[in-house]
Amino acid sequence: PFLYNHVWEDVTLHNSSLPPLAIKHPECLGLLHQLDRSTDTWIQHYCILKDGCLYFYASIRSTQASGGLYLQGYRVNEQTFSYKQSVIELKPPSEEFKTFYFCAENETENQRWITALKMSIKKWLPLHQAIQDFMNRPLEETRM
């Protein structure tokens, strides 16, 4: 599994050095506003979701990503903020990581992102977790 992780990280690094439109088959893309906790303002990014990683670009014309977020272990929730605005909450696996808040252009876009984020994270559940789950299944299920 380690090798597999490195390969994935290489691809991710490679992806972050590409302009947004060069990333092949993104799972979701569009404008997201990220809450900056320190200034309490929303910063707009052009975002691309691909293989459990969210890439941030200043704009669609950027030549490379300004940042990326590995979503492994994060939970996606919908929260209502002030002004009854619904936001996407990305909650980290442990307290030492930051919780992120995003909102899309509208409610429909929010839902589209939430669905895509959940799918993308699921897809990248660590391999050993899948193996554990398989090993822990009741015997009847594993017998053909």
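Which residue in β7 does Leu-90 stand opposite? Keep that question in mind while touring this predicted model, and begin with the sheet as a whole.

Select the seven strands together: they form an open sheet in the order β4-β3-β2-β1-β7-β6-β5, with antiparallel pairing. At the edges are β4, residues 67–70, and β5, residues 75–80, each of which pairs on one side only. Looking from one strand to the next, you will find a twist that averages 35°. As background for what follows, strands of a sheet pair through backbone hydrogen bonds, either parallel or antiparallel.

Next, select residues 28–36 and 41–50, which are β1 and β2, joined in the antiparallel sense over nine bridges. Within this pair, center the view on Leu-35, whose bridge partner in β2 is Trp-42. Then move to the turn, where four residues lie between the strands of the hairpin and Asp-40 takes a positive phi near 60°.

Keep β2 displayed and add residues 53–57, which make up β3; these two strands pair in the antiparallel sense over five bridges. Here Lys-50 stands opposite Cys-53 in β3. The hairpin of β2 and β3 has two residues between the strands, and one residue to label there is Asp-51, which takes a positive phi near 50°.

Finally, return to the opening question by selecting β6, residues 86–91, together with β7, residues 100–103, an antiparallel pair joined by three bridges. With both strands in view, label Leu-90 and look across to β7, where the residue standing opposite is Phe-100.

How values were computed: Residues are numbered from 1 along each chain as its sequence is written. This is a predicted model: local features need pLDDT of at least 70, side-chain atom pairs count only at pLDDT 80 or more; totals for chains, interfaces and linings use all residues. Side-chain values use heavy atoms; hydrogens and water are left out. Two strands pair if DSSP finds at least two bridges between them. Axes are lines fitted to C-alpha atoms, for helices over the stretch in contact, and angles run from 0 to 180 degrees between N-to-C directions.
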